[in-house]
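Q: I'd like a close look at the charged side chains in this protein and at the parts around them. Please walk me through them one step at a time.

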Amino acid sequence: MALAFEVHGPTLVTWNNAAGTASPANNLGYTDNNDLISLELEYPNEPIFTTRSGNIPEAFVHLGVIGRLTMTLVKWDHEQLEDLMHALPGSAALESEVGTIGGLKTSGSGNFSLKIASTASGDAYVMKSCWFDGPVRRLDFGNKPSRIGLNIICTPHEATPNTLDGRDEVYTVTGR
C-alpha cells in the first residue's frame, strides 16, 4: 500500500460507474488550492460489535481498512454528478427497491472507481471501490462562487471477490 497521500495544487477528479476500473474517464470536476483533498485510513484494531445492518456494516469490518476521502469541488459537471448520485444502493436492481440496509455496495450496485489527478505534478491516485458517505453538500450561496463538498468511503477492491490479498489496495499511485 502507498504510504503517502499528497495532493499538490488543483486536481481533476474523474470517475467510472464500474468498480475496479483502473483508469476512470468521466470528468466529475475540479478542486482548487484552497480546500485540499484529504484521505484518512482507519484500521479497526479493537473488536467492533455490529449487526449486518448496524452503524458499521459487517463487510467494512472484514476488509480491515476503511478510507474516508473528503474533497470540495469548485467546478463540476452537473450531469456527471447526477449520474453518480443516483447509483443504486446495496443489492437494489430498481429505484423502488431499498437493497440490503447497511450492506456494502458492490460493482454495478452503487459503487464506483475514482481518480484524482494533480494538474500540476502529474501524480494521480486511483480508488477502485468507492461510494458516497452522506449527502452532497452545496456550499457558498449568494455572491460567492458555489462549491460542493463530497465525503466518500473507499475500501480495498477485491480482485477476486470475497478474497482480500496483498494486491488489493484502498488506492494506488501513478506518475511518480
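**Salt bridges and their surroundings**

A: Let's start with Lys-144, which has a relative accessible area of 53% and therefore counts as exposed, the cut-off being over 50%. Please keep in mind that this is a predicted model. Lys-144 forms a salt bridge with Asp-140, and their closest N and O atoms are 3.6 Å apart.

Asp-140 has another partner worth a look. The side chain of Arg-147 makes a polar contact with the side chain of Asp-140, at 2.7 Å. You will find Arg-147 in strand β9, which covers residues 147-154. Leaving out residues up to four places away in sequence, Arg-147 touches Asp-35, Thr-72, Leu-73, Val-74, Trp-76, Arg-137, Arg-138, Leu-139 and Asp-140.

How many salt bridges does a search of the whole structure find? The search gives 4. Two of the others to look at involve Arg-68. Arg-68 pairs with Glu-42 in a salt bridge whose closest N and O atoms lie 3.2 Å apart. Arg-68 sits in strand β4 (residues 66-73) and Glu-42 in strand β3 (residues 38-42), so this pair ties together parts that are 26 residues apart in sequence. Neither end of the pair counts as buried: Arg-68 is partly exposed at 30% relative accessibility, and Glu-42 is partly exposed at 31%.

Arg-68 also forms a salt bridge with Asp-133, with 3.8 Å between the closest N and O atoms. Here strand β4 is linked to the loop between β7 (124-132) and β8 (137-139), where Asp-133 lies, so the parts tied together are 65 residues apart in sequence. Asp-133 is partly exposed as well, with a relative accessible area of 36%. Through shared partners, the salt bridges join Glu-42, Arg-68 and Asp-133 into one network.

Now follow β4 from the charged pairs into the interior. The largest nonpolar core has 29 residues, and those with the most contacts inside it are Leu-69, Met-71, Leu-114, Met-127 and Ile-152. β4 is among the elements that give two or more residues to this core, along with β1 (11-16), α2 (78-85), β6, β7 and β9. Met-71 makes a good example: apart from neighbours within four places in sequence, Met-71 is in contact with Val-13, Ile-37, Leu-114, Ile-116, Ile-148, Gly-149, Leu-150 and Ile-152.

The helix in that list, α2, is also worth a look. Its residues Gln-80, Leu-81 and Leu-84 are buried. Seen down the helix axis, the buried residues of α2 fall within an arc of 100°, so they line one face. This fits a general pattern: an α-helix has 3.6 residues a turn, so residues three or four places apart point the same way. The buried residues of α2 pack against β1, β2 (26-30), β5 (75-76), β6, β7 and β9. Turned away from that buried side, the other face carries the exposed residues His-78 and Glu-79. At the N-terminal end, Asp-77 caps α2, with a side-chain oxygen 2.9 Å from the backbone nitrogen of Glu-79.

Strand β6 (residues 112-118) holds a polar residue, Ser-113. Is Ser-113 buried or exposed? With a relative accessible area of 0%, Ser-113 is buried. The side chain of Ser-113 reaches the backbone nitrogen of Thr-21 at 2.9 Å. Residues that Ser-113 touches, beyond those up to four places away in sequence, include Trp-15, Gly-20, Thr-21, Met-127 and Lys-128.

A last stop is the cysteines. The count of disulfides comes to 0. Cys-130 is in no disulfide, and the nearest cysteine sulfur, that of Cys-154, is 3.5 Å away; a disulfide would need the two sulfur atoms within 2.5 Å. The relative accessible area of Cys-130 is 0%, so Cys-130 is buried. Cys-154 is likewise in no disulfide, its nearest cysteine sulfur being that of Cys-130. Cys-154 is buried too, with a relative accessible area of 0%.

Definitions and conventions. Residues numbered from 1 in each chain as written. Predicted model: local features only at pLDDT ≥ 70, side-chain atom pairs only at ≥ 80, totals over all residues. Heavy atoms only, no water. Salt bridge = Lys/Arg side-chain N within 4 Å of Asp/Glu carboxyl O. Helix = DSSP H or I, 4+ residues; strand = E, 2+ residues; numbered from the N terminus. Buried < 20%, exposed > 50% of the residue type's maximum accessible area, 1.4 Å probe, protein only. Polar contact = N/O pair within 3.5 Å; in protein donor to acceptor, adjacent residues only side chain to side chain. Contact = heavy atoms within 4.5 Å. Core = buried A, V, L, I, M, F, W, Y, C linked by side-chain atoms within 4.5 Å. Arc of directions from axis to C-beta.
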